[in-house]
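Open the model in your viewer and keep the sequence panel beside it. Each stop below says what to select and what is there.

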Amino acid sequence: MKLAQLLEGIEILAGRGRLEVEVCGLACDSRRVEPGDVFFALKGEAQDGHDFIEAALARGAAAVVGQSAFGQAGADLVRVADSRLALALASHNFFDRPTEKLRLAGVTGTSGKTTTVYALEAILQAAGLEVGVVGTVNYRYRGRNLPAPVTTPQSLDLVRLLAEMAGAGVQAAVMEVTSHALSQRRVSGCRFEAVAFTNLSRDHLDYHADMEDYFQAKRLLFTEHGPQGRMAVNLDDPYGRRLKEELGDKAVGFGLGPGAEITARRVELNGRGVRAEMVTPAGSFRLDSPFLGEINLLNLLTATALSWLLGLPLEAAAEGLGRLKGVPGRMEDVGRPFGRRVIVDYSHKVEALSRVLAVARGLTPGRIITVFGCGGDRDRGKRPLMARAAAGASEIVIVTSDNPRSEDPLAIMAQIEAGFEGTGWRPFPPDPRAVPSGRGHYTLLEDRRAAIRLAVAAAGEEDTVMICGKGHEDYQIVGSRQLHLDDREEAVAALREVLA
């Protein structure tokens, strides 16, 4: 491909060199440049790719695209207004626009994206389609499961992945779309057939300036990428209602409250799951699902709304949702085979923690014993708020380490502990023999494995243990190391020990 073909549709502010130079590949990491590649210099939070232009040229880059002035002589240089946008659009040009060959659906929101994507994947499969998924748990298609270092990959990696899917015979793809991906132009150029908004609550305020900035990033999926008339918005969420007002007739509303065009009637929620009549403009069907709680009913409604926007038959929605038995690390009850309720969930945000604990409250005749921590190098302001959320719906709370990254885990735990001040909650020693029988007690235990064992050992038959924050993750990030740690494995091991 010629450089001019690669940059088709991209506004060029200035350039030097030959647009007829032959292009062999694309790169945005100077260490991965191969001879003949075009190097895209991206400005990041910690580093600026423009500082590595010479390194890229030394490795044989055929040309450089960037947004700052640069003066290397003898090189083919192109300046654009936004090199991230240019990389995304160029990736689609290079890989022959794969999203024009796929039925692509996107889901954004603070919580519920992963469950919604699993549910829509099941519906699409029930409709007889080959499906690919880009999400938090993994990237998967046609029997391949690839690790997901981030939920929505960098545009170059994303488009390459979508091209691989299309080439392998995938007919439809479902993508979790994060606020980082939207603000960093990772999905620019993607042709979505349907998109949905789940909800918005406090998260990523280490990256976004405030909640308004966070909302504006999510909003981009609808204002810049959303196909008119094929957008679904959760009316039970205040930000969803605001978005629906802005979009008007371009979007359909779903939810359990008034005004929703896609909703559920005759809802039954219990410890075995949810039963309901799912209502769409095309008709209704009966849902009988093992998913727990109203929060999961809303996720299944999101998937139902997307399936209706995609024109899939109601029979496929009923079959797909009925077939789906669970999602890794999302209200996953690993204690059921042991006759106990020990639930592992990914909830690492204030609102999400409150919601899953509210579900647990409705299932639990005894106590709720909650284990959680907070990630390092992330929003510090939410740490005491997480403690208050846990205290609001638990009898016992065990604060532990999550992914401390470069921070001191004890310092993170101390910031969480500050949230118990003024609540009347009292500390107790981290020993199974010292766990109080009443409500309103917490302890700090840095070792996450030990914290899980303490919770399981302290729980009675009528209690529920909630292990929150990491869900499907099978690792813990300590400093620069990634160590194996899976909450589900640890909980099962603890159950075996205790019951033995």
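## A tour by selection

Start with Asp377. It is partly exposed, with 31% relative accessible area (buried is under 20%, exposed over 50%, partly exposed in between, using a 1.4 Å probe and protein chains only). Asp377 sits in the loop between strand E19 (368-372) and helix H12 (383-393). Helices (H or I, at least four residues) and strands (E, at least two) are DSSP runs, numbered from the N terminus. Although Asp377 is not a glycine, its phi is positive, about 60 degrees.

Before moving on, note that this is a predicted model: local features need pLDDT of at least 70, side-chain atom pairs count only at pLDDT 80 or more, and totals for chains, interfaces and linings use all residues. Residues are numbered from 1 along each chain as its sequence is written, and side-chain values use heavy atoms, with hydrogens and water left out.

**Arg266 and strand E14**

Select Arg266 next. It lies in strand E14 (residues 263-270). Its phi is also positive, near 50 degrees, and it is a residue other than glycine. Arg266 counts as exposed, at 58% relative accessibility.

Stay on E14 and add Glu268 and Arg286. They form a salt bridge (a side-chain nitrogen of Lys or Arg within 4 Å of a carboxyl oxygen of Asp or Glu). The closest N and O atoms are 3.7 Å apart. The pair links distant parts of the chain: Glu268 is in strand E14 and Arg286 in strand E16 (residues 283-289), 18 residues apart. Arg286 counts as partly exposed, at 38% relative accessibility. Glu268 counts as partly exposed at 38% too.

**More salt bridges**

How many salt bridges does the structure hold? There are 33. Show Arg140 and Glu121, whose closest N and O atoms are 2.8 Å apart in their salt bridge. This pair also links distant parts of the chain, with Arg140 in strand E8 (residues 139-141) and Glu121 in helix H4 (residues 113-126), 19 residues apart. Arg140 and Glu121 are both buried.

Now jump to Arg488 and Asp486. Their salt bridge has its closest N and O atoms 3.2 Å apart. Both Arg488 and Asp486 are buried. Then select Glu212, Arg219, Arg242 and Glu246, which are linked in a network of salt bridges.

**The eight-stranded sheet**

Switch to cartoon view. Eight strands form an open sheet with mixed pairing, in the order E9-E8-E7-E10-E6-E11-E12-E13. Two strands pair if DSSP finds at least two bridges between them. The edge strands are E9 (144-146) and E13 (251-254), each paired on one side only. From one strand to the next, the twist averages 15 degrees.

Colour E11 (residues 194-197) and E12 (residues 231-234). They run parallel and are joined by three bridges. Pick Phe197: its bridge partner in E12 is Val233. Helix H8 (residues 238-247) packs on the sheet, touching E11, E12 and E13 (contact means heavy atoms within 4.5 Å). The direction of H8 makes about 145 degrees with that of E12. Axes are lines fitted to C-alpha atoms, for helices over the stretch in contact, and angles run from 0 to 180 degrees between N-to-C directions.

**Last stop: Glu193**

Select Glu193, in the loop between helix H6 (179-183) and E11. Which residues is Glu193 in contact with, leaving aside its neighbours within four places in sequence? They are Arg103, Leu104, Pro227, Arg230 and Leu310. The side chain of Glu193 makes a polar contact with the side chain of Arg103, at 2.6 Å, and another with that of Arg230, at 2.8 Å. A polar contact is a pair of N or O atoms within 3.5 Å; within protein, one must be able to donate a hydrogen and the other to accept it, and residues adjacent in sequence count only if both atoms are side-chain atoms.
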